[in-house]
Protein chains: 2
Amino acid sequence: MSRSTPEGAARRRQHAELFAALGDATRLALVTTLAAGEPRSIAQLTAHSRVTRQAITKHLRVLERAGLVHCQRAGRESRYRFDPQPMDEMRAWLDRVSAQWDTLLARLKALVEE
Amino acid sequence: MSRSTPEGAARRRQHAELFAALGDATRLALVTTLAAGEPRSIAQLTAHSRVTRQAITKHLRVLERAGLVHCQRAGRESRYRFDPQPMDEMRAWLDRVSAQWDTLLARLKALVEE
DNA sequence: CGTAATAGCAACCCAATGGTTGCATCTTTC
DNA sequence: GAAAGATGCAACCATTGGGTTGCTATTACG
């Protein structure tokens with residue numbers, strides 16, 4: 001029953017950082033943009049936004065630390081591309097927790113109908 | 001190309017709030033606990049944590065505003081129970097974005113092999 | 001070569017957040 | 001009815017976070 005082992009806590013922190021990376025409207029927009037198109041430079045990503053280039057840069061750094069995007073310098077511009085793997089991890093987590101919930105409901109229902 | 005309509009922005013803010021709710025290790029632990037067991041009181045949830053009851057209370061309020069848990073007063077205690085629906089929404093969002101990414105890759109591959 | 005474009009760095013600001021402590025309120029139970 | 005249990009509320013604190021401005025460095029291009 002949620003014996004919080006140290007490793008478990010570390011994993012949880014990792015997952016939390018992942019979710020937190022998507023916990024901002026601007027970053028969410030960046031991710032959708034990058035997932036829907038080819039790699040884009042910071043200037044390009046800033047063009048469609050209402051905030052400063054610096055703000056976008058900070059957000060991209062957060063996304064990069066979470067592994068959701070990767071940066072590659074190309075000439076005078078930094079191209080950011082999407083990486084789907086962390087989102088797969090998130091989905092796996094959501095699935096695990098939902099499954100827990102479902103089995104719990106099933107057990108309770110069985111108890112009632114017994 | 002990410003024509004950010006006002007409604008789209010509103011939806012994005014909603015989603016961001018959802019993800020942000022899971023963007024904290026303590027809240028993540030609370031959600032897993034509640035999804036794995038029956039409704040629990042604040043005192044019970046605090047018992048297995050290293051932070052104060054007040055901190056847990058605040059976290060539960062955040063989770064409630066995101067719709068991830070619901071509270072019901074029972075006598076002198078407040079019982080919180082898990083609600084799986086918002087997590088389904090998150091999964092749907094992740095699926096949509098991943099699908100976008102996959103179709104993009106497919107299109108690019110087709111272009112190369114053309 | 002000079003100029004414009006792209007980006008990085010640093011300092012700063014303000015609001016939100018996670019956390020605490022202290023006290024009041026309402027149930028339960030003896 | 002009084003004491004113990006479980007919460008709620010409010011104030012407060014330190015840190016983080018989103019955002020900006022100003023300045024510098026590198027790259028592309030006429």
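A polar contact, as I shall use the term, is a pair of N or O atoms within 3.5 Å; within protein, one must be able to donate a hydrogen and the other to accept it, and residues adjacent in sequence count only if both atoms are side-chain atoms. One such pair joins a phosphate oxygen of DNA strand C to an N or O atom in the side chain of B:Arg27, at 3.2 Å.

Good morning, colleagues. The model is predicted: local features need pLDDT of at least 70, side-chain atom pairs count only at pLDDT 80 or more, and totals for chains, interfaces and linings use all residues. Residues are numbered from 1 along each chain as its sequence is written, chains are lettered from A and ligands numbered from 1 in the order in which they are written, and side-chain values use heavy atoms, with hydrogens and water left out.

Let me continue with strand C. A residue is near a strand if one of its heavy atoms lies within 4 Å of it. DNA strand C is surrounded by 21 residues, and A:Ala43, A:Gln54, B:Thr52, B:Lys58 and B:His59 are the closest. A polar backbone atom of A:Ala43 lies 2.6 Å from a phosphate oxygen of this strand, and the side chain of A:Arg76 places an N or O atom 3.5 Å from a sugar or linking oxygen.

I turn to strand D. Which residues come nearest to DNA strand D? Of the 21 around it, they are A:Thr52, A:Lys58, A:His59, B:Ala43 and B:Gln54. An N or O atom in the side chain of A:His59 is 2.4 Å from a phosphate oxygen of DNA strand D. The side chain of B:Gln54 reaches a base nitrogen of that strand, with an N or O atom at 2.6 Å. From B:Ile42, a backbone N or O atom lies 3.0 Å from a phosphate oxygen of DNA strand D. Sugar or phosphate accounts for 63% of the atoms of DNA strand D within 4 Å of the protein, and bases for the rest.

Finally, the protein interior. A nonpolar core is a set of buried (under 20% relative accessible area, 1.4 Å probe, protein chains only) Ala, Val, Leu, Ile, Met, Phe, Trp, Tyr and Cys residues joined through side-chain atoms within 4.5 Å. The largest such core has 54 residues, of which A:Leu68 and B:Leu68 touch the most other members. Not counting residues up to four places away in sequence, the contacts (heavy atoms within 4.5 Å) of A:Leu68 include A:Leu18, A:Phe82, A:Met87 and A:Met90.

Technical notes. Buried < 20%, exposed > 50% of the residue type's maximum accessible area, 1.4 Å probe, protein only.
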